[in-house]
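Visitor: I have not seen this structure before. Could you take me through it step by step?

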Amino acid sequence: MFSFVKVHPIISFLIILAIGLLLLRLIGNKAFVVNPQAAPASSLSQSNPLHQLTDNLLKAQGNTHSSLVYSLGNPHIALLNRLQLIDAATETIDVQYYLFHDDDSGQAILQALVEAAKRGVKVRLLLDDMDMVSRDGIFVRLVQENPTLQVRIFNPFYLRKFRIPEYPARFPRVTRRMHNKSLTVDQIMTIVGGRNIGNEYFSFKTEVAFADVDLLSAGKIGQDVTAAFDQYWYSGLAFDITQLNTAATDERFNQWKSASSTALNSYRQEVEKNHLAIQNLLNVIGNKTYYADMKVIYDHPEKVIASFSDTEGNITKEIAHLMKSAQKQLVISSPYFIPGKLGLELFQSLRDRGVEIIILTNSFAANDVAAVHAGYSNYRKQLLAMGVKLYELKPLNSEGDQGFELLGSKRASLHAKAFVVDQKTIFVGSFNLDPRSAIHNTEMGIIFEEPDYGANSVARTHLYMQQKAYEVQLTDQGKLQWIDNANGITLSVEPEMSSFQRVVITVISWLPVEWLL
């Protein structure tokens, strides 16, 4: 039995810790009082090159639809198109991302944005704070040196470097993040989808590449995404970077500037050197331009400070309603997949009507968040028992190197968040089918109806699953098995999972933490 003398220091420490966390909560929340601003009226130029190009394309189709759309499934082309759009901007660029890494691709894109600002383009960069540790000073310097560049940080941490104490102190506010992803140029062309900015999202000098999809769209959708961006920019939850920290030293900034310029120049040289390979890649992809009336949906930014039970302004209901509208088929891609009770009820109602449901998610070895796989594993047998077809992505990246020295990766992880209803209605965005997207983070996406796109998307997904995923089935004895259709192999134990990992995942699956995943 501990004596009072031995216990007393421990109790004292816990009291001091509790007081410290309480003070951090009070100070942190007071430091970031939410004061929304009214968004100013925006003017839309009809004469710049991107507007004229878009107008001409729509007129050639008889102006029967308000927007055009092009799928960016290939990671190399997704990076190239972003840089091309930034270089083509003449008036405005609005950039909104959850993660914006300080790696080769992140530095290349940021340097391109700085170059755009230097030629007079109004650049607004809205970033979640999750990826900003020790980077404030660089962005402060960029803002100071470029008057047409603005940087705001959404839902910032009070502690700018060592953040761990803030998680318990300011829970749940600091764990609820802006997961939106968009890049919009001149209010007319926009890229919306699942990719953040970082090497792994573009298969750029990385060991693990995320299989993902974005939509490059132009037309009225560009104005609509700009309006959504403004909701966040003026929400009072986005704070100017200069309010959060001081500028980097000359030495630190010059090192970063040299590295970022090198990253962008190296990429441009690589593209120039391999322009024929890129053209061949485009020909192989064979993507076409589609025309449709498109709708952007997005969570209200206040979601991150609202109670979990307050679902007003959330897109979860709209996504569920769209899925429920399926009459024949629902095909889903979701890297993090934890349907919960309501999701099971939704899928069961569809199956009761005879709707085919096909779901592609990550296998354990392809998942980058083990706890999420533990949550998902609780639902596999129930889903299969009701007749849902379930596929899990294999971790090996068979896409391989496309002939570019800077590109290529060895392992793959699913990151695409999309679904197709009845091969005609499409959603592409940032929304995972899990509690974190539903009740914690803010999300966005685009919905449109285009039967050719829908049918082609389903066909590509089906081929992809047959070649690169395990088909999960129940045996007659009610046990799981994984079928590798590409190699004609059936596995009775979960692929690439050790006995120890199996125990850990099982234990996590028992814990009451699903609402946090």
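**A guided conversation**

Guide: Let us begin with two aromatic residues: Phe154 is buried, and Tyr232 is buried as well. Please keep in mind that this is a predicted model.

Visitor: How are the rings of Phe154 and Tyr232 placed, and what is the pair called?

Guide: The ring centres of Phe154 and Tyr232 are 5.7 Å apart and the planes stand at 50°, so the pair is tilted. Phe154 belongs to strand β4 and Tyr232 to helix α7, so this pair links distant parts of the chain, 78 residues apart.

Visitor: How many aromatic pairs are there?

Guide: The count comes to 15 aromatic pairs. One of them is formed by Tyr201 and Phe210, whose ring centres are 5.0 Å apart with planes at 35°, so that pair is tilted. Tyr201 and Phe210 are both buried. There is also a cluster, in which ring pairs link Phe171, Phe308 and Trp515.

Visitor: Back to helix α7, then. How many residues does α7 have, and how far does it reach?

Guide: Helix α7 covers residues 220-233, which makes 14 residues. From its first C-alpha to its last it reaches 20 Å, close to the 20 Å expected at 1.5 Å a residue.

Visitor: Which residues of α7 are buried?

Guide: The buried residues in α7 are Ile221, Gly222, Val225, Thr226, Ala228, Phe229, Asp230, Tyr232 and Trp233.

Visitor: Now the sheet. How many strands does it have, and in what order?

Guide: It is an open sheet of 9 strands with mixed pairing, in the order β9-β4-β3-β2-β5-β6-β8-β1-β10. At the edges are β9 (238-240) and β10 (290-292), each of which pairs on one side only. From one strand to the next, the twist averages 20°.

Visitor: What covers the faces of β6?

Guide: The residues of β6 are buried on both sides: Met189, Ile191 and Gly193 on one, and Thr190 and Val192 on the other. In a regular strand, side chains alternate between the two faces of the sheet. Since 5 of the 5 residues of β6 (residues 189-193) are buried, the strand is largely enclosed by the rest of the structure.

Visitor: Which strands does β6 pair with?

Guide: On one hand, strand β5 (residues 182-185) pairs with β6 in the antiparallel sense over 4 bridges. Within that pairing, Leu183 has Ile191 of β6 as its bridge partner. On the other hand, β6 and β8 run antiparallel and are joined by 5 bridges. There, Thr190 has Ser217 in β8 as its bridge partner.

Visitor: What lies between β5 and β6?

Guide: The two strands form a hairpin with 3 residues between them. Asp186, in the turn, has a positive phi of about 55°.

Visitor: And how do β1 and β8 pair?

Guide: Strand β1 (residues 67-72) and strand β8 (residues 214-219) are antiparallel and share 6 bridges. Leu72 has Asp214 in β8 as its bridge partner.

Visitor: Which strands does helix α4 lie across?

Guide: Helix α4 (residues 104-118) lies across β2 (92-97), β3 (122-128) and β4 (149-154). The helix runs at about 150° to β3.

Visitor: Changing topic: how many salt bridges are there?

Guide: The count comes to 23 salt bridges. In one of them the side chains of Arg124 and Asp94 meet, at 2.8 Å from N to O. Arg124 lies in strand β3 and Asp94 in strand β2, so the pair ties together parts that are 30 residues apart in sequence.

Visitor: Are Arg124 and Asp94 buried or exposed?

Guide: Arg124 and Asp94 are both buried.

Visitor: What about Glu270 and Lys273; where do they lie?

Guide: Both lie in helix α8 (residues 250-273), 3 residues apart, about one turn of the helix. Their side chains meet in a salt bridge of 3.6 Å, N to O. Glu270 counts as buried because its relative accessibility is 7%, whereas Lys273, at 48%, counts as partly exposed.

Visitor: Which residue forms a salt bridge with Asp299?

Guide: The partner of Asp299 is Lys303, and their closest N and O atoms are 3.0 Å apart. Asp299 has 0% relative accessibility and counts as buried, and Lys303, at 4%, counts as buried too.

Visitor: Which residues do shared salt bridges join into one network?

Guide: Asp129, Asp136, Arg160 and Arg163 are joined into one network by salt bridges that share partners.

How values were computed:
Residues numbered from 1 in each chain as written. Predicted model: local features only at pLDDT ≥ 70, side-chain atom pairs only at ≥ 80, totals over all residues. Heavy atoms only, no water. Expected span 1.5 Å × (residues − 1). Buried < 20%, exposed > 50% of the residue type's maximum accessible area, 1.4 Å probe, protein only. Pairing = 2+ DSSP bridges. Axes fitted to C-alpha atoms, helices over the stretch in contact; angles between N-to-C directions. Contact = heavy atoms within 4.5 Å. Salt bridge = Lys/Arg side-chain N within 4 Å of Asp/Glu carboxyl O. Phe/Tyr/Trp six-rings, centres within 6.5 Å; stacked < 30°, edge-to-face > 60°.
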